[in-house]
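Trainee: Got a minute? I'd like to go through this one with you.
Mentor: Sure, let's bring it up.

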Amino acid sequence: MIFHQIPVGPMQNFAYLIGDEKTGIAAVVDAAWEPETILDLAGKDKLKITLIINTHNHPDHTSGNDDLCRRTGAKIVAHEASEAQKDVSVKNGDTLKIGSLEAKFIHTPGHSPDSMCVLVDNKLMTGDTLFVGECGRTDLDGGSSEQLYHSFFEKLVKLPDELEVYPGHDYGMRPSSTIGYEKTHNYVLKPRTLKEFLRFMKEP
Ligand SMILES: [Fe+2]
């Protein structure tokens with residue numbers, strides 16, 4: 001598997017390029033800010049981008065959709081709750097092929113109603129749901145701390161510790177982590193009741 005974590009734009013975003021070496025088919029997760037940079041990398045690796053996957057519909061993750069779509073013919077994939085223009089709607093547990101690879105979608109609302117994490121092989125792209133050492137805010141339109149609690153404690157913490165975490169922004173001490181490390185070190189994943197979590201999320 002070819003995997004690039006690509007720093008893009010002025011808000012410390014990460015875009016991801018995931019390629020299947022066997023077939024030359026690739027997907028981009030969160031095509032934003034710099035479609036040219038993403039296309040250059042795909043060109044160097046001789047990859048054909050067929051899917052553009054949005055972890056959620058915020059412009060700093062989707063601003064490159066149209067341009068990249070026009071230049072590659074790729075299909076846009078987003079959660080069914082997303083209001084983004086999309087070709088493929090997915091829901092929790094759905095999978096899509098990237099050549100011989102498989103992307104699995106885990107619906108993790110909280111930061112936004114359509115937030116989802118994307119699992120390919122042992123790499124989990126967490127968008128703005130989980131950052132290294134932090135989490136995305138829940139005070140924007142459609143955000144919900146209660147939903148985030150369920151996403152964290154009923155879905156993410158139950159994933160294998162060894163899964164690698166690749167966030168939507170470079171806000172942590174390092175650009176990537178693992179589920180096991182975040183479970184131990186990320187203060188947002190500390191075991192809490194829902195009531196405690198809601199109080200914690202309101203703290204400045
Ligand atoms: Fe966001």
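Mentor: One definition before the sheet: two strands pair if DSSP finds at least two bridges between them. Keep in mind that this is a predicted model.
Trainee: OK. What is the strand order in the open sheet of 6 strands?
Mentor: The order runs β7-β8-β9-β10-β13-β14. The pairing is mixed.
Trainee: Which strands stand at the edges?
Mentor: β7 (95-98) and β14 (177-178). Each has a single partner strand, so one side of each is left without a neighbour in the sheet.
Trainee: Let's stay with β7. How many bridges join β7 to β8?
Mentor: There are 4 bridges, and the two strands run antiparallel. β8 covers residues 101-107.
Trainee: And what is the bridge partner of T95 in β8?
Mentor: K104.
Trainee: Switching to charges. How many salt bridges does the structure hold?
Mentor: The count is 7.
Trainee: Take K123. Which residue forms a salt bridge with K123?
Mentor: E164, with the closest N and O atoms 2.7 Å apart. K123 lies in strand β10 (residues 123-127) and E164 in strand β13 (residues 164-167), so the pair ties together parts that are 41 residues apart in sequence.
Trainee: Is K123 buried or exposed?
Mentor: Buried, at 13% relative accessible area. E164 is partly exposed, at 21%.
Trainee: What about D94, what does that one bridge to?
Mentor: K91. Their closest N and O atoms are 3.5 Å apart. D94 is partly exposed at 22% relative accessible area, and K91 is also partly exposed, at 42%.
Trainee: And which residue does D139 pair with?
Mentor: D139 forms a salt bridge with R137, at 2.8 Å between the closest N and O atoms. D139 itself is exposed, with a relative accessible area of 56%.
Trainee: Which residues are linked in a network of salt bridges?
Mentor: E36, D67, R70 and R71.
Trainee: Last topic, cysteines. How many disulfides does a search of the whole structure find?
Mentor: It finds 0.
Trainee: Why is C117 without a bond to C135?
Mentor: Distance. The closest cysteine sulfur to that of C117 is in C135, and it sits 12 Å away, too far for a bond. The cut-off for a disulfide is 2.5 Å between the sulfur atoms.
Trainee: Where do they sit, C117 first: buried or exposed?
Mentor: C117 is buried, at 0% relative accessibility. C135 is buried as well, with a relative accessible area of 9%.

Methods
Residues numbered from 1 in each chain as written. Predicted model: local features only at pLDDT ≥ 70, side-chain atom pairs only at ≥ 80, totals over all residues. Heavy atoms only, no water. Salt bridge = Lys/Arg side-chain N within 4 Å of Asp/Glu carboxyl O. Buried < 20%, exposed > 50% of the residue type's maximum accessible area, 1.4 Å probe, protein only.
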